[in-house]
Each structure stands twice: as structure tokens, then as C-alpha cells.
Amino acid sequence: MSAPNAQSSLPPEHYLGLFTIESWREFKAHGGRVMGFTEKKKLMAGRLKPGDKILCYVSKVSTFVGVMEVTGPAYWDTAKIWSDGIFPVRLPVKIVEELPLSHAIPIRTLAEKLSFMKPGTGWTIHVRSSPRRWTPADARTVVEAVAAKVRTIASGQTGQPHEAVEERHGALRKALPRSVRVGRVMEKTRGIMESGQTELLGSYENALSFNKVTGYSVNVPIGATCRPTAVCMKTCYFAVGAPSWSNSLRHQWKVMATMQANPAAFAERVAMEYDRLGLTFIRWNGGGDLFKENVEAINHLGKIRPDIPIWVVTRLPDWAAQIEQAPNVFIHFSLDKHSLGRRADFLKQKPRSQNHFFSYQCDRDEVPDAEGLEGIAVLFFDSYKPTGDVRKYRREVVCPLNGKDDITDVCRRCRRCFDGSAVSFS
Ligand code: SF4
């Protein structure tokens with residue numbers, strides 16, 4: 001197997017090389033010089049010769065992260081490199097072009113140029129196994145796209161990076177009555193936490209969750225991160241329905257654990273999902289609230305991807321003040337009649353970002369005093385059901401979700417909270 005390949009005088013060919021996010025990181029951590037395949041791929045891997053190119057494809061997030069060149073013949077080795085298998089058929093390689101994971105190229109953006117990505121065809125077979133030979137034309141499309149993106153990043157046009165368990169606001173520690181919705185979720189959350197089922201997100205799991213209120217969002221367990229007020233406890237939309245189901249709670253725990261394990265890597269993973277899903281904004285804390293690594297992930301993503309509008313919702317003055325100024329990161333500080341003092345607490349901390357605004361969440365049946373809403377940029381009624389005559393409030397302050405029969409996609413169309421409008425009203 002380690003004998004020189006008899007075909008080495010042949011012109012270079014192109015192959016697909018499959019990675020997961022983790023295996024790419026492990027490959028890089030090991031020096032980025034050894035690609036591995038399963039024993040079943042021994043014959044195929046043996047056909048690759050020095051000079052051949054490998055298109056590095058990250059499965060599940062369906063993106064290209066680089067191009068490598070084979071530097072020698074395949075060989076057998078069982079030294080451990082990857083956490084999910086031995087992959088004893090090894091191939092020496094060198095990275096020719098590489099993109100940060102946060103800027104990897106989604107395959108769907110190349111669909112018009114790749115010959116096999118015709119509508120209605122089963123194109124995924126072309127990216128399901130490796131090493132798989134690709135046609136020169138398709139390979140060229142990827143190689144050129146990666147090279148172009150590398151150049152764009154080098155020119156600074158896409159926002160290349162500028163340069164312990166924390167004490168939680170542990171609502172979990174308080175025993176809240178089961179009669180309030182947040183109390184019921186916390187009890188369930190405590191059960192999951194105590195069962196020891198918390199683990200990191202796997203390669204094939206999404207970090208982002210979807211619901212019709214917030215679109216795609218990063219969600220963490222409210223039971224471990226929020227400091228709920230009396231109004232939240234009764235009205236929190238995240239404590240009822242699908243987000244409160246056991247599977248969702250487990251996913252939220254995994255998101256939090258993954259963020260804590262490596263905030264920057266988590267941010268990069270979110271960036272890839274954003275690209276793959278073709279999103280136009282991300283809601284951060286669709287459920288749950290800030291903590292140390294959560295803030296670090298936001299600050300990292302805000303820098304490496306200034307093109308992504310990040311809408312961060314919080315009720316925690318201390319952590320909100322730690323979010324760094326970035327034109328694409330909008331801090332939405334949520335207040336209600338029991339937490340108005342948190343506004344002063346937040347401002348007292350000298351927030352690092354001026355890109356913030358305040359919203360007001362009404363209690364059940366509350367009719368807020370229009371005069372008392374000074375400095376409030378967005379007004380929400382409980383369950384989006386207006387109480388009384390909404391015409392007495394400034395029109396630009398009443399969230400369009402109020403009174404809507406169907407709230408699907410409203411934020412994506414409105415965008416006030418993450419296009420700077422709300423910041424300018426505060
Ligand atoms: S103001 Fe607009 S973006 Fe903000 S919550 Fe309401 S609908 Fe969504």
C-alpha cells in the first residue's frame with residue numbers, strides 16, 4: 001500500500017474529501033497533514049497520487065472549507081487522530097487553500113455551476129462518500145470559489161476576524177410554583193439536568209432551532225440562565241408548547257454545553273448554519289438568557305461575520321453590558337412593570353455597546369400608560385393581544401406582532417429590532 005503509485009505521471013485528478021465539523025478541527029489540530037479513510041476505502045484511497053486535489057467538504061452543514069493536495073501514497077496507520085473512529089487508511093496531504101469554518105462556502109451557492117445539482121435530481125450522492133472522484137469542471141467550480149473567497153477575506157471585504165463554570169443567574173436554584181408556566185419548565189429542566197443527559201451537540205445536529213415567533217434562533221435553557229420576573233413567569237412564550245417539550249429542553253442543554261465548551265467554535269458553527277439555511281438574521285436567546293460563554297460567542301460572531309444581523313434579547317444587565325459594540329449586533333433589553341429598575345442597572349454598568357434598545361412586555365390585561373413608555377422602543381402586549389386602544393401609543397413603538405392572527409415570518413419582514421430602527425427610537 002505504501003509503494004509509489006504507478007500512475008504518478010498522469011495529470012492530477014480531483015476528489016471529494018468528507019469531514020464533519022469535529023473531524024476537520026481534529027485534522028487541523030493534528031497538523032493538517034494526514035487524511036484518513038475507513039478500511040473499506042483502501043482500494044479507492046490507493047488510487048490517489050501525489051498532486052491530486054481533494055475538495056474538503058463538511059457534511060451536514062454542506063459547505064466547502066478548503067482544498068488539499070495529496071503529497072504521497074496511501075499507507076496504513078492506526079494512531080489515534082479522530083474521536084469518532086480510527087480511519088486507518090491514511091493519506092499524506094497539504095492544505096492548498098483554506099477558509100475559516102465561519103466563511104465556508106455552502107454547496108447550494110454553487111448549484112447553478114455544478115453539473116449534478118439539477119432540480120429534482122438526487123445530487124447528494126456526489127457528496128456522501130469519500131474519496132469520490134469529481135469531474136474536472138465541477139472540481140474547478142469549487143477550487144475557484146474557494147480561492148475567490150480566500151482572496152475576498154484577505155482583502156477584508158467580508159469581515160475577517162479583527163482581532164469555569166460561571167455563576168448562573170440560577171432561576172433553577174429557586175423553587176418556583178408549578179402553577180406558573182416557568183415553574184413547570186424549571187421542574188422539567190431540573191429533571192433533565194439531574195438525569196445527567198447533558199452532552200455536546202453532535203456533528204449532525206443543528207445549533208439553531210426554528211419557531212414561528214422568532215424564526216431561527218439560538219436557544220438555551222431558561223431554567224439555567226434566566227432571572228424571571230413575575231410577569232415573565234406568567235407570560236413567557238418559551239415556557240409553553242414545543243420549546244418546553246423534553247426533546248427541546250435537551251437540545252437547549254446541548255447548545256449551552258457546546259457554547260461553554262468552546263464559544264468561538266460555537267459561533268463559527270452558527271455562521272455555517274446561517275449560510276446553509278440562507279437566513280437574513282439570527283435571533284439570539286429565542287429562549288434563555290446570557291452567560292459568560294454566551295456573551296463570548298456573540299462577541300466573536302459579531303466580529304467575524306459583520307454581515308449577519310444578530311438580535312440579542314436579554315433581561316440581564318450585567319451580561320448585556322459586556323456585549324461589544326458591533327454595527328450588526330443589536331441588544332434588545334426586555335423590561336416589564338416589575339423590572340424597570342434593570343434599565344438603570346444596565347446603563348450604570350457603562351455598556352460596551354450603544355447598539356441597544358428597551359422593550360416593554362405587558363402583564364396579562366395590563367393597559368400601559370403611554371406617558372410611562374418614554375425610552376421604550378418596542379411594546380408587546382401579552383400574547384400579542386392588545387388591551388384597549390393601541391392608537392394612543394406611538395405607532396413606531398407598537399410591535400407589529402400585536403394583534404396579528406398569523407405571526408409567521410413577521411419579524412423577518414419587519415426587522416425593526418435588528419436593522420437599527422429600534423435603537424434609534426430608544
Ligand atoms: S418590532 Fe418587528 S422585529 Fe421586533 S419583535 Fe416586533 S415584529 Fe419582530
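Which residues do ring pairs link into a cluster? They are Tyr57, Phe64, Phe116 and Trp134. The model in which this cluster appears is a predicted one, and a walk through it can start with its aromatic rings.

A pair of aromatic rings is described by the distance of the centres and the angle of the planes. A search of the whole structure finds 17 aromatic pairs. One of them joins Trp24 and Phe27, whose ring centres are 5.2 Å apart and whose planes make an angle of 40 degrees, a tilted arrangement. Helix α1, residues 21-29, holds both Trp24 and Phe27, and the two are three residues apart, about one turn of the helix. Trp24 has a relative accessible area of 3%, so it counts as buried. Phe27 is also buried, because its relative accessible area is 1%.

Another pair is formed by Trp82 and Phe87, which meet edge-to-face, with 5.7 Å from centre to centre and 85 degrees between the planes. The partners of this pair can be placed by accessibility. Trp82 is buried, because its relative accessibility is 4%. Phe87 has a relative accessible area of 23%, which means that it is partly exposed.

Rings also meet charged groups in this model. The charged end of Arg283 sits over the ring of Trp311, at 4.7 Å from the ring centre. In the case of Arg343, the charged end sits over the ring of Phe358, with 4.6 Å to the centre of that ring.

Trp311 leads on to the ligand, since it appears in the ligand's surroundings, together with Val378, Phe380, Cys399, Pro400, Leu401, Val410, Cys411, Cys414, Arg415, Arg416 and Cys417. Two or more residues of this shell come from β15 (376-380), and the same is true of α12 (410-414). The largest share belongs to α12, which supplies three residues. Sorted by class, the shell holds ten nonpolar and two charged residues, and no polar ones.

Arg415, a member of this shell, lies in the loop between α12 and α13 (421-425). Its relative accessibility is 22%, so it counts as partly exposed. Most residues other than glycine have a negative phi, and most peptide bonds are trans. Arg415 is not a glycine, yet its phi is positive, at about 70 degrees. Ser62 is not a glycine either and has a positive phi of about 55 degrees. Ser62 is found in the loop that runs between β3 (53-58) and β4 (63-70).

The peptide bond between Ser130 and Pro131 is cis, with omega at about 0 degrees. Pro131 belongs to the loop between β7 (105-106) and β8 (132-134).

Ser130 also leads to a pocket. Rolling a probe the size of a water molecule over the atoms shows where empty space is left. The second largest pocket has a volume of about 500 Å³. Its lining is made of 24 residues, and those nearest its centre are Leu18, Phe19, Ser59, Ser130 and Tyr204. The elements β1 (14-19) and β2 (34-37) each give two or more residues to this lining. The most come from β2, which gives three residues. By class, ten residues of the lining are nonpolar, nine are polar and five are charged.

The last stop is Pro11, in the segment before β1. Pro11 has a relative accessibility of 59%, so it counts as exposed. Along the chain, Pro11 and Lys49 are 38 residues apart, while their C-alpha atoms are separated by 9.7 Å.

Conventions
Residues numbered from 1 in each chain as written. Predicted model: local features only at pLDDT ≥ 70, side-chain atom pairs only at ≥ 80, totals over all residues. Heavy atoms only, no water. Phe/Tyr/Trp six-rings, centres within 6.5 Å; stacked < 30°, edge-to-face > 60°. Helix = DSSP H or I, 4+ residues; strand = E, 2+ residues; numbered from the N terminus. Buried < 20%, exposed > 50% of the residue type's maximum accessible area, 1.4 Å probe, protein only. Lys NZ or Arg CZ within 6 Å of the ring centre and 35° of its normal. Near = heavy atom within 4 Å. Nonpolar A, V, L, I, M, F, W, Y, C, P; charged D, E, K, R; others polar. 1 Å grid on protein atoms, 1.4 Å probe; cavity = no way out; pocket = protein on both sides within 12 Å on 5 of 7 lines; lining within 4 Å. Points joined across faces, edges and corners; volume = space filled by probe spheres on them.
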